[in-house]
Every structure is written in structure tokens, then in C-alpha cells.
Amino acid sequence: MSDAPRGPADIPIRAVTRGAKLAALPLGMAGRATLGIGKRIGGKPAEIVTAEIQQRTAEQIFKTLGELKGGAMKFGQALSVFEAALPEPVIAPYRATLVKLQEAAPPLPARVVHDVLRTNLGPDWQDLFTEFDARAVAAASVGQVHRATWSDGRDVAVKIQYPGAGEALLGDLNQISRLARLFGSMVPGLDIKALMVELKERVAEELDYALEADSQRAFAAAFADDPDFCVPQVVHQAGNVIVTEWIDGTPLSKVIAEGDQETRNRAGVLYHRFHLSSPTRVGKLHADPHPGNFRILPDGRLGVLDFGAVNHLPEGVPPVIGVLLQQALRGEAKAVVDGLRAEGFLKPTIDLDPDRALAYLLPFLEPVTVPEFQFSRAWLRAQGQRIGDPRSPNYSTGLQFNLPPRYLLLHRVWLGSIGVLCQLEASGPWREELAAWLPGADGLTDIPYRTPEEIVGE
């Protein structure tokens, strides 16, 4: 790899080239669609042609995203969380690429790394460390991580921001926003446009390492000496560099790929518990749920990394969520619809039959209708098919729901967490976890266990 310095536009490909690669995606899809029309005229079944188009589109999307950092990389990480929802014939060839998107990207040359450290930590930056490895051990959308030894002997992780990351990130996100329909076809039921809005709104925070350090300090203090979780302490922060304590562990992506069932179950319960408990314990929600940010430590604790994307919830999760959950499990359809309307999930002009709304929502709650539930890719795909088939009544019902802006990050974390639990195929007592940590859900364990079909048919 060359050590020649690279300017802000070279992360890792010149801006013009980046734009051309992203702009080529819809053109490629249009060409495949035209070819598909020809095949249908020739007598090939429409569903087979559609599957072929989706598979080729998926290949081009993930290949392009895998070559870019910035917003394309960030969006690739977001998509990779939902790989469990994609049909196996589509996702199978690209699962390895998705893991790479979660865990790594091409690193910066050593000379550029040293320039960043000199600019942010000062000309004597090397005096802060007794050792510093210029080879990156992890990379993501806006920065990469190096292993080092701090001057007091502690092993540390040094996260540096790519030069020009902000410009590249905003440029990519603006381009990808125009392609929302292309990505939306791959994950039925997911509001890709809303996801892009949320990502763009959080760009400034993710680029602010001082803000990230403050968030990580808050999490580290709240979870200090916790038997289940480990959040590394912040050692130092200056400009576009943040130094934290190093933690060793097995990446969650490796647990997904190789872990036995007991390990998967424990990882899933801890992962779920961390997201549930953080708003109450910290007043904040870790808002980047992809597996690359989590480790299983040798002592069994869940290590949590990367606090650039954080939802600030000083009052915790709104208690109405727990209340609506209990009402749904009791079969109180009208109360559920009234509550959703009051929170802005249904606009005043929408007239939705309560029983129809409840029948649409309850299958999503299947994990809490039994004492113990095992998530799976098949279950998630079934949910996607249930609401994503235009021929199904559930499709038109889903179109009537709104997503209030203040629930945007909660929605993203909820969807992302479900995707990871399905990748883990984790089994656990999910209702007990919700009752313990979700505001407004303290009476959840008093409700009898009934399947969604039993609740709807009562």
C-alpha cells in the first residue's frame, strides 16, 4: 500500500469516481428491469425474473458499498443489520461482504495516520504512548482504530477520523437519498427514506468526537462494575482523535457465524438488555446496533464500543410504549389505536379499523406471547413477507401508519436489534426482560400467555 498522502476527496476514491459508482446503481437496475421484460415476453415466469433482478441488484449494491467509505459505508452497515430479512438466495453470496462492511474497511496509510495524530494531539504526540501500532485493527464509516499502549501502561484503542470524512459522508448520503426506492425494494416494510433522514441528521454528532467522548463517559459511569456489561473508559480526547481503554473479546459477528446455541442465547439476552436498560440507566440510547460494535468478553460480559451515534433520552423511553404493549397483549384493539393516534403513529385523517390494526401488529409481538421465544431468519423473513406483499391486506394496513420524528431512532434500534437477534437465532425470556426495563410495562408478566391468533380470535 502506498504511503502517499491523500486529500479530503480521496476516502478512498476521488469524489467524481464515488459519485459515478453510486449513480450507476439505478442505471444498472433499469437495464436489468428492461432485460426482465424481455424474458417475460419470452415466457419466463414473472416471479423468477423478479428474483433474478433482485439478486443481480443486490450483488451490485453490496459490491459498490464495499468499495467506499463515508455515507455509502455507513448505509452499507445499516443494511447489513437487516440481512436476516433478505431471501436466502439473494443474501447467501454476499454474507461475507456484509460481515466485512460491519467489521472493516481499507485502512489509511501510516503517514496519513501520523499526520492526523500530529494535527490533533500536537507535534509531541508520540510522548503520549509507549507503543503505537500504525496498522489499523478496525475501520468504519468515518474513522479507524489503532491499538496502542498509553503512557501509564494501559492498553488503549485510538480512534482517528478520516481526513475529509464529513464532506464525503454528507455527499454520499445526499446521493444515496435519491436512490431510496432502489434499496427499499430489498427490505420490504422498512422506511429507507426515514432511515436516510435520520442518518443525515446524526452526521454532525458522529463527526464530533468531543460529544462522543462525553456520551461514552456517561455510559461507562452508569455501567461501571456491572456484572453483565463493559463500557471502556475514555482515556483522552482531542479534536478528531479519541483514546479509550482496550477490551479483548469475540466480535458478535463471529458469535453469529460460529457460536454454539448457549453462547448465542446469552449474547442475545445481554444485547437486548443493554438496549432496553440504557435509556433508564443513562438517559441515552446506543443508536448503532450493528454487530461490529459489540464483543463477548472472556468473563462473559458484553463489551460495547462506538458511541458516536447516541439518542439522547433524558426522560427515558416514553412510558406509553409499555402501556400500548400491554393493551395489545390484552386484545384491547380500540385502546391501542387511540394510543397510537395520540402519539402520532396515525394521522387524524386516517380511519383505521381497530381489529384490523391489532391483527397487523400482534405477529410482531410473538416473541413476548410465550415464556421463551427463539428468533430466526425464517421468522423475520415471514414478517417481511406478511407486510410486504401488495396482495395482502396487511400491506395496505401498513401504509396507513406514520412514524413520528421523535421515534425515528427508537424505531431504527428496535428494527436493527431484532435483525441481530434473528442472525444470532437467540432464545430467551423476552417478556421478562421487557417487564424489567421498559417503562410502563411493569404489569406485563401478569398478562396470560396467548398466541397472536388466540388474542385476535377471542
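A charge sits over a ring if NZ of Lys or CZ of Arg is within 6 Å of the ring centre and within 35 degrees of the ring normal. Keep that in mind and select R386 together with Y360: the charged end of R386 lies over the Y360 ring, 5.6 Å from its centre. Now add F364, because the charged end of R386 sits over that ring too, at 4.7 Å from the centre.

A word on what you are viewing: this is a predicted model, where local features need pLDDT of at least 70 and side-chain atom pairs count only at pLDDT 80 or more, while totals for chains, interfaces and linings use all residues. Residues are numbered from 1 along each chain as its sequence is written, and side-chain values use heavy atoms, leaving out hydrogens and water.

Next come the ring pairs. Rings of Phe, Tyr and Trp (its six-membered ring) pair if their centres lie within 6.5 Å; planes under 30 degrees apart count as stacked, over 60 as edge-to-face and the rest as tilted. The count comes to 20 aromatic pairs. Select F345 and Y407 for a tilted one, 4.8 Å centre to centre with 50 degrees between the planes. This pair links distant parts of the chain, 62 residues apart. Are its members buried (under 20% relative accessible area, 1.4 Å probe, protein chains only) or exposed (over 50%, with partly exposed in between)? F345 is buried at 15%, and Y407 is buried at 3%.

Move on to F373 and F375, an edge-to-face pair with 5.2 Å between centres and 85 degrees between planes. F373 is buried at 9% relative accessible area, and F375 is buried at 3%.

For a last stop, select F219, F223, F229, Y271, F274, F294 and F307, which ring pairs link into a cluster.

Key. Helix = DSSP H or I, 4+ residues; strand = E, 2+ residues; numbered from the N terminus.
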